[in-house]
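Biologist: Could you pick one part of this model and take a close look at it with me? I would also like to hear how that spot fits into the rest.

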Amino acid sequence: MHDGEQVRSMATTPRTPLLSMKQITKRFNAVEALVGVDLEVYPHEVVALVGDNGAGKSTLANIVSGVLTPDAGLIELAGEPVTIGSPSAAHALGIATVFQDLALCDNLDVTANLFLGREVTAGGSMLRDGEMEQITKRILHDLNSPIPSVKTELHALSGGQRQAVAIARTLIGNPRIVVLDEPTAALSVAQTAEVLTHIERLRELGLGVILISHNMVDVRAVSDRIEVLRHGRNNGSFDASTASYESILAAITGATTYGDGRPGLRLA
């Protein structure tokens, strides 16, 4: 198959996506941040959302996370229309997000960070510390995280370990979808490898993952599908296992355009 050639997905058995976003539009006064954007995410799938600065990636992530409300468009979870009116509504619907600032507390240990604001109590204000520690250990084990102790304070952890804590925190409450905003930014090669392993584990656990990243090496290493946004519009859906770096870069820069570029079209 030649670069840029568009083909229909060969899947013959219809599947219901965990998340379906159709014709999502968001404006900020005269600025069109998103125009008719489509996005689908399935169970056991990592979907990378890529594009240049100002492409609309963060705006779309904020809509999924309930931080922003779209001006137009339809959002469905497991085939059911939903309104994600706030971050708490997103959490209740099974959507968890790790933003770039991580929102962790350096002076608290790993367990306290995982349960911050969602502490398990035994009635009144008595914390069930032992139960929370056991849950934390189980989640870190599920992620294959190398953090030595759940009692370690955050300031003593490496950047990769802190990112692991932020990802582990999303699993409190059994989410269906996890949004990761630039999870490997400013990490070393070894720390990046740890985080990519955690992302693969999220997929193995059956979650749908939206990965926002500028690092094409990381994107191609762990994603199943790559969705390109350009100037707030879809500009290509790529199979990560077969698409060339050049074809993805051409879509990001606008050297190549692919019509509406909506899901269902795969480019290699």
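**A close look at Lys26**

Modeller: Let's start with the company that Lys26 keeps. Setting aside its neighbours within four places in sequence, Lys26 is in contact (heavy atoms within 4.5 Å) with Val31, Glu32, Ala33, Leu34, Thr59, Ile63, Thr69, Pro70 and Asp71. This is a predicted model, in which local features need pLDDT of at least 70 and side-chain atom pairs pLDDT 80 or more, while totals for chains, interfaces and linings use all residues. Numbering runs from 1 along each chain as its sequence is written, and side-chain values rest on heavy atoms, without hydrogens or water.

One of those partners deserves a second glance: a polar atom of the Lys26 side chain lies 2.8 Å from the backbone oxygen of Thr69. Lys26 itself belongs to strand 2, which covers residues 19–28. Strands here are DSSP E runs of at least two residues and helices H or I runs of at least four, numbered from the N terminus.

Is this lysine buried or exposed? With a relative accessible area of 11%, Lys26 counts as buried, because the limit for that is under 20% (1.4 Å probe, protein chains only). Lys26 has plenty of company there, since buried residues make up 49% of the 268 residues in the protein.

For another buried set, follow the chain to helix 8, residues 245–253. Its buried residues are Ser247, Ile248, Ala250, Ala251 and Ile252. They pack against four elements: strand 4 (45–50), helix 7 (216–222), strand 10 (225–230) and strand 11 (233–239). After helix 8 comes Gly254, which has a positive phi, near 90°.

Now step back to the whole protein. It has 8 helices and 12 strands. Its radius of gyration, taken over C-alpha atoms, is 19 Å, close to the 18 Å from the globule rule (2.2 Å times the number of residues to the power 0.38), so the protein is as compact as a globular protein of its 268 residues. Along the principal axes, the C-alpha atoms fill a box of roughly 60 × 40 × 40 Å. Among contacts with a separation of 6 or more, 68% join residues 24 or more positions apart.

To come back to your close look, then: Lys26 is a buried lysine in strand 2, with Thr69, Pro70 and Asp71 among its contacts.

Conventions:
Buried < 20%, exposed > 50% of the residue type's maximum accessible area, 1.4 Å probe, protein only. Polar contact = N/O pair within 3.5 Å; in protein donor to acceptor, adjacent residues only side chain to side chain.
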